[in-house]
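Reader: Hello! Could you take me on a close look at one strand in this fold, with its partners and its surroundings? I would enjoy one connected walk through it.

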Amino acid sequence: MESCLFIHGFTGGEHEISPLSQFMEQHNYRSRTFTLKGHGSSRNDLLHSDRHDWQQSAEDELTELLKTNDGVHLIGFSTGALIASHLSVRYKPWIKSLTLLSTPVFPLNPVEIIKTLASFSMLKTYISKFSSTPPKATREFQRLVRESFSVYPHIETPTLIVQGKRDHLVKTRSADYLRHHMIKATQKQVLMVDNSGHMVCHCEEKDRIMNEVLQFIQSTGR
């Protein structure tokens with residue numbers, strides 16, 4: 001049985017990718033989810049962690065999986081996609097496929113985000129989340145975004161890029177930019193989802209997305 005490692009996003013948690021991880025379990029893949037260091041508890045924990053801690057916690061999970069698996073399929077959501085990209089290069093011989101969900105190649109700034117929010121409730125949720133996130137953590141996220149540009153050209157693993165056209169946190173051109181200008185993998189494809197925002201695993205087209213991810217992973221044949 002092959003294994004998938006799921007990596008959630010900045011200030012998020014396992015719930016962001018749980019529908020897809022459960023779906024892969026139902027199709028005979030071992031799915032491992034976990035919480036990035038500094039996430040899932042208090043603001044103080046996030047304040048006292050940095051991008052290196054987030055990446056190290058993901059790397060620890062991957063190395064544990066590799067103790068009993070010849071290779072692993074990496075699936076990262078948002079900031080988790082950045083971390084998955086780094087791991088796919090560092091552990092290239094052991095990564096069977098790479099799935100990038102809502103990758104913040106070009107994240108929107110706070111002013112742009114407010115302009116894209118569709119309702120007062122979305123705006124209220126965003127402001128609450130933004131105000132509870134330590135500025136230091138936001139700077140660490142931004143550094144990870146910048147550092148990832150030097151990693152993308154080294155990705156040779158079969159890669160699927162999934163991007164919602166209604167994403168209010170990431171510019172939709174991020175997906176095509178990855179495919180045409182950054183990732184050098186021979187096998188790569190982009191799935192643009194008309195009726196999805198940032199949370200692609202929870203959108204109204206999630207069934208289609210999950211089936212596309214499954215078919216892609218099966219097609220890698222590695």
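Author: Happy to. Two strands are said to pair if DSSP finds at least two bridges between them. With that in hand, let's look at β4 in this predicted model.

On one side, β4 pairs with β3 in the parallel sense, over six bridges. If you want a place to put your finger, take V72, whose bridge partner in β4 is I95. Between these two strands in the fold comes a helix: β3, α4 and β4 together make a right-handed β-α-β unit.

β4 also has a second partner. Strand β5, residues 159-164, runs parallel to β4 and is joined to it by four bridges. Here a good landmark is T99, which stands opposite L160 of β5.

How many of the seven residues of β4 are buried? Seven of the seven are, so the strand is largely enclosed by the rest of the structure. The cut-off behind that word is a relative accessible area under 20%.

What surrounds the strand fits a broader pattern. In soluble globular proteins, nonpolar side chains tend to be buried together. In this model the largest nonpolar core has 37 residues, and I7 and L62 touch the most other members. β4 (95-101) is one of the elements that give two or more residues to this core; β3 (72-77) and α4 (79-90) are also among them, as are β1 (3-7) and α3 (51-66). I7 is a handy residue to display, with contacts that include I75, G76 and F77, along with G80, I83, A84 and L87. There is also a second, separate core of 23 residues, and L160, the residue we met opposite T99, is included in that one, together with V162, L191 and C203.

For contrast, finish with some charged pairs. α3, which contributes to the largest core, also holds E61, and this residue reaches R32 in strand β2, 29 residues apart in the chain. Their side chains meet in a salt bridge at 3.4 Å, N to O. Both ends are partly exposed, with a relative accessible area of 29% for R32 and 21% for E61.

Helix α7 gives a more local case: R143 and E140 lie three residues apart, about one turn of the helix, and their salt bridge spans 2.6 Å, N to O. R143 counts as partly exposed at 30%, whereas E140 counts as buried at 6%. These two also belong to a salt-bridge network with R51 and E147.

Definitions and conventions
Residues numbered from 1 in each chain as written. Predicted model: local features only at pLDDT ≥ 70, side-chain atom pairs only at ≥ 80, totals over all residues. Heavy atoms only, no water. Core = buried A, V, L, I, M, F, W, Y, C linked by side-chain atoms within 4.5 Å. Buried < 20%, exposed > 50% of the residue type's maximum accessible area, 1.4 Å probe, protein only. Contact = heavy atoms within 4.5 Å. Right-handed = clockwise from strand over helix to strand, strands pointing away. Salt bridge = Lys/Arg side-chain N within 4 Å of Asp/Glu carboxyl O. Lists of a residue's contacts leave out its neighbours within four places in sequence.
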